[in-house]
Amino acid sequence: MALVEMKRLRAVALQSRRRVLLRQLRQLGCVEVETAADSTDFNGEENLPRTAEENTGAQEHLAALQQAKQTLDQYAPPEKRPLLARKPQLTEGQLYDERTLDSALSAAKEINRAAQQINRLQTEENRLESAITQLKPWLALDVPLNYELDDGQVFYLRGALPAAASLEALEQELAQQAPASQLEAVSSDNEQHYVTLLTHRSCREAALSLLKQRGFSQASAQGAEGPARQWTGRLQQQIEEGRAQRQKCVEDIAKYRDSYRQLEQAVDAYSLEAEEDQLLSGLARTKDTVALTGWIPAKAQQAVAKVLEEQGCAYSMEDPQEGEFPPTAMENGVLAEPFNAVTEMYGMPRYGSLVDPNPLMVPFYITFFSFIMADAVYGIVIALGCFLALRLMQPKGTMRQMLTLFFYCGLGTIVAGVLMGGWLGDAVYQFTRMLWGEEGAVNIRPLWFNLTEEPLKMLIFSLVLGAVQILVGMAVSAWRMIKQKDYLGALFDPGCWYIIFIGAGLYVGLGIQAGLYVALAGVVLMLILGGRGKKGFGKITGGLGKLYNVTGFVSDLLSYSRIMALALSGSVVGSVFNQMGAMGGGGVVGVVVFIIVALIGHVFNLAISVLGAYVHTSRLQYIEFFGRFYEDGGRIMQPLKNKTKYVEVVKED
């Protein structure tokens, strides 16, 4: 049980020391700072101390750096770090080194300028290509596109008709109504006919009227000069020139490939500085001071006090008062600490809760996950992969917790696989049977029982595990009530159920007649005292309602059958892939086919099984276990930390 005791922190710092103070508190990683709007010290006050916007330009620098980094990723990506490589380690002084940051900003400026030029050239190229596309129908026309003829006697124009219009019918009508006209088709496609019209003044109105009736639209020259083929050539030349300029810009960007790591460092530095700007903008202040309020773990008082005193702050650290809402933090040992990540996904217990669920969850979570996977090779892959990631990457925070959690579950899966005989399903048996026939097949027998051969035994085992967890949850609930001095609640709520279950177990499981009377005594106690907190007729119905909850226990217990179902499905899927691989027959070809099919199949099965095991094991904790004793409503503590993406900030030597 390790829910952390919190202290209310109040401090007043000099304006000139505010950023230095924040950075030193960030290095401690244990101080949650509130804004003036969130602090109970200022809520409800009519005359709040003023706040002032802080802007060092970090947010603008950050945007420029991120844009430059994305541009480098696109046009000149650096060599990728090894998959499991850890982040570069920098001290705070190295992180904020002015020469490095200035160099990164200078590189970002040039990269972004080149990127803007590339975008401009690309836009122009798109425009030119669109113009070429519009000219394609006129490539067969030798007349200049900008040619205009309207000398009073003869009129010439160029345009398009819908594809549905019949050119033959139109020519016949022109011959009848505008005989001194000539319609010439240049080209056609699925949508339009591209035509020219030459007509005498006397027939102009009649010819135009016929064309408009057919949906004619006049073509624009759009600044073009000369025939379409000639103008297309000029546009294509402009495109090639633009592409050459664009390639030059890409080469200019590539010159800054070696600045990529500096850009990453600068992104982290300005991310932290932008966070400082945002936080300081929310703090109450006077002309010369800044007021800081927040929460710290009780055990961190000495370390925080040392920093505050070094910065000349006036401060106090007090117990939470009524009406305040302290954050919740959990602190556990090596085994239980990784399970913080599981609990945080559900929601933090309220501050002051008596029960930390993490240590209680450890044996159940690992056991459920392990028997859902139930394959020793899968367990080896999971445990080894997580171990290597932890050693090589040395991650922090939630990533470290999740990798450690899966490492523990991987070790448990190895044990479960040995007990259930799971070694890539029945891969050994299928492989040896493929090579040497049924007589030479090798079958690794389980130390306990084979899941696919005895699913009923697995179902019973799953229900037993569920019954144990439910009883533990009830016991924890009773313990919590006792600590809260609700002795009757502990005796007549979880206590009555224990009496009923013990009696039923003695009678049904061991055949002891006295067990029946013990169970009936528990029922009577529940009927009499189950509605003790109600009035009148509610005292009777309250007991009946609690007794009816036995159906809820049955439903909760059946939920644990998912352990058997998921374990069986994973085992069957693995065996199916093994059988598919064995269809290649013996010989070298058969061995290669088996290895390829089994490898692909088991990678898929491993991924699906891990996801299912994680989701359903977590669900069993949240729904069936936590619901019996968990006091929710807390909020996770969010202390100032060096939250960096590309580098790891370490303390000065």
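## A tour starting at R635

Select R635 and show what surrounds it. Outside its close sequence neighbours, up to four places away, R635 touches E32, W295, F325, P326, P327, T328 and M348. This is a predicted model, so read each stop as a computed picture. R635 sits in the loop between α22 and β12 (648-650). Is R635 buried, exposed or partly exposed? Its relative accessibility is 25%, so R635 counts as partly exposed.

Now add F325, one of the residues R635 touches. Draw a line between the two C-alpha atoms. They are 8.7 Å apart in space, yet R635 and F325 are 310 residues apart in sequence.

**The main core**

Next, select F369 and M458. These two have the most contacts inside the largest nonpolar core, which has 54 residues. Colour the helices that give two or more residues to this core: α10 (340-346), α11 (357-373), α12 (376-393), α13 (397-420), α15 (455-483), α17 (494-510), α21 (561-582) and α22 (587-625). Which element gives the largest share? It is α11, with 11 residues.

Stay on F369 and show its contacts. Beyond four places in sequence, F369 is in contact with I382, F406, C409 and T413. Continue to V610, A613, Y614 and T617, which are also in contact with F369.

**A second core**

Move to L95, V250, V647 and V649. They are among the residues of a second core, separate from the one just visited. This second core has 30 residues. In soluble globular proteins, nonpolar side chains tend to be buried together.

**One long stop on α15**

Select α15 alone. This helix has 29 residues. From its first C-alpha to its last, α15 reaches 42 Å, close to the 42 Å expected at 1.5 Å a residue. Then step past the end of the helix to K485. Just after α15, K485 takes a positive phi of about 65 degrees.

**The cavity**

How many cavities of 30 Å³ or more does the structure hold? There is one. The largest cavity has a volume of about 30 Å³. To find it, select A13, R18, L21, L22, L280, L283, V290 and L292, the residues that line it.

Colour the lining by element. Both α1 (18-28) and β10 (289-297) supply at least two residues. The largest share, three residues, comes from α1.

Now colour the lining by class. Seven residues are nonpolar, none is polar and one is charged. End the tour on R18, one of the lining residues.

Methods
Residues numbered from 1 in each chain as written. Predicted model: local features only at pLDDT ≥ 70, side-chain atom pairs only at ≥ 80, totals over all residues. Heavy atoms only, no water. Core = buried A, V, L, I, M, F, W, Y, C linked by side-chain atoms within 4.5 Å. Buried < 20%, exposed > 50% of the residue type's maximum accessible area, 1.4 Å probe, protein only. Helix = DSSP H or I, 4+ residues; strand = E, 2+ residues; numbered from the N terminus. Contact = heavy atoms within 4.5 Å. 1 Å grid on protein atoms, 1.4 Å probe; cavity = no way out; pocket = protein on both sides within 12 Å on 5 of 7 lines; lining within 4 Å. Points joined across faces, edges and corners; volume = space filled by probe spheres on them. Nonpolar A, V, L, I, M, F, W, Y, C, P; charged D, E, K, R; others polar. Expected span 1.5 Å × (residues − 1).
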